[in-house]
Amino acid sequence: MIKAKTLLFLIFLAVIALVLSSLLLKIEYKDVVIVGGKTFLVKTADTDDERMLGLSGTKKLSTREGMFFVFSRDARHSFWMKDMLFSIDIIWIDKNFEIVHIERDVNPETFPKVFGGEVESRYVLEILSGQAEQLNLKIGDSVTFIKK
């Protein structure tokens, strides 16, 4: 028979393990982007450090998640696939929240190739590969960004 103190200690350890694992697995997708009639939960990258890191090292992304890059000015914002573990669609968006360029199915093996440097944009959305095709996204489509 397990003593009461030992049982309580084991329950305490199990609760601590559950809390820690849920904190470690929690992804901070709190903002929303709506494009092509679909709502994406996004992590917003609006600092230099967040933009530099991007989705690098992220193990997976669901079809409902993405990353939304916010820049302070219009420019030719280039992206590459350094330390990426899966393919993505990259969507460049202007200050009026209209799509100005799309790169579909960009895979990690393309590194160090750079994408998107030929168009000016203010925002960039990265979503799981195949989503732009599935939603039939095209230049000129509107994008809604909701910061929570």
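**A walk from Ser121 to a pocket**

Let's start with Ser121, which counts as buried because its relative accessibility is 1%, and the cut-off for buried is under 20%. Keep in mind as you look around that this is a predicted model.

Where is Ser121 along the chain? You'll find it in strand 6. Now look at what surrounds it in space. Setting aside residues up to four places away in sequence, Ser121 touches Arg73, Asp74, Ala75, His77, Trp92, Ile93, Asp94 and Val100.

Next, step back a little to Val119. This one sits in a loop, the stretch between strand 5 (99–106) and strand 6 (121–128). Is Val119 buried or exposed? Its relative accessible area is 16%, so Val119 is buried too. Beyond its neighbours within four places in sequence, Val119 is in contact with Ala75, Arg76, His77, Trp92, Val100 and His101. Ala75, His77, Trp92 and Val100 may ring a bell, since Ser121 touches them as well. Here's a nice example of how folding works out in this model: Val119 and Asp74 are 45 residues apart in sequence, yet their C-alpha atoms are 9.6 Å apart in space.

Trp92 is a handy guide to our next stop, the largest nonpolar core. This core has 18 residues, and Trp92 is one of those that touch the most other members, along with Phe69, Phe79, Ile90 and Val124. Which elements give two or more residues to this core? They are strand 3 (65–75) and strand 4 (88–93). Apart from this core lies another one, made of 17 residues, including Val33, Phe68, Val70 and Leu125.

Let's zoom in on Phe79. Leaving out its neighbours within four places in sequence, Phe79 is in contact with Phe69, Phe71, Ile90, Trp92, Lys113, Val114, Phe115, Val124 and Glu126.

Phe79 also takes us to some empty space. How do you find such space in the first place? Rolling a probe the size of a water molecule over the atoms shows where empty space is left. The second largest pocket here has a volume of about 310 Å³. It is lined by 17 residues, and those closest to its centre are Arg51, Met52, Ser56, Phe79 and Trp80. Helix 2 (48–53) and strand 3 each supply at least two residues of the lining, with helix 2 giving the largest share, 3 residues. What kinds of residues make up this lining? There are 10 nonpolar, 3 polar and 4 charged ones.

Technical notes
Residues numbered from 1 in each chain as written. Predicted model: local features only at pLDDT ≥ 70, side-chain atom pairs only at ≥ 80, totals over all residues. Heavy atoms only, no water. Helix = DSSP H or I, 4+ residues; strand = E, 2+ residues; numbered from the N terminus. Buried < 20%, exposed > 50% of the residue type's maximum accessible area, 1.4 Å probe, protein only. Contact = heavy atoms within 4.5 Å. Core = buried A, V, L, I, M, F, W, Y, C linked by side-chain atoms within 4.5 Å. 1 Å grid on protein atoms, 1.4 Å probe; cavity = no way out; pocket = protein on both sides within 12 Å on 5 of 7 lines; lining within 4 Å. Points joined across faces, edges and corners; volume = space filled by probe spheres on them. Nonpolar A, V, L, I, M, F, W, Y, C, P; charged D, E, K, R; others polar.
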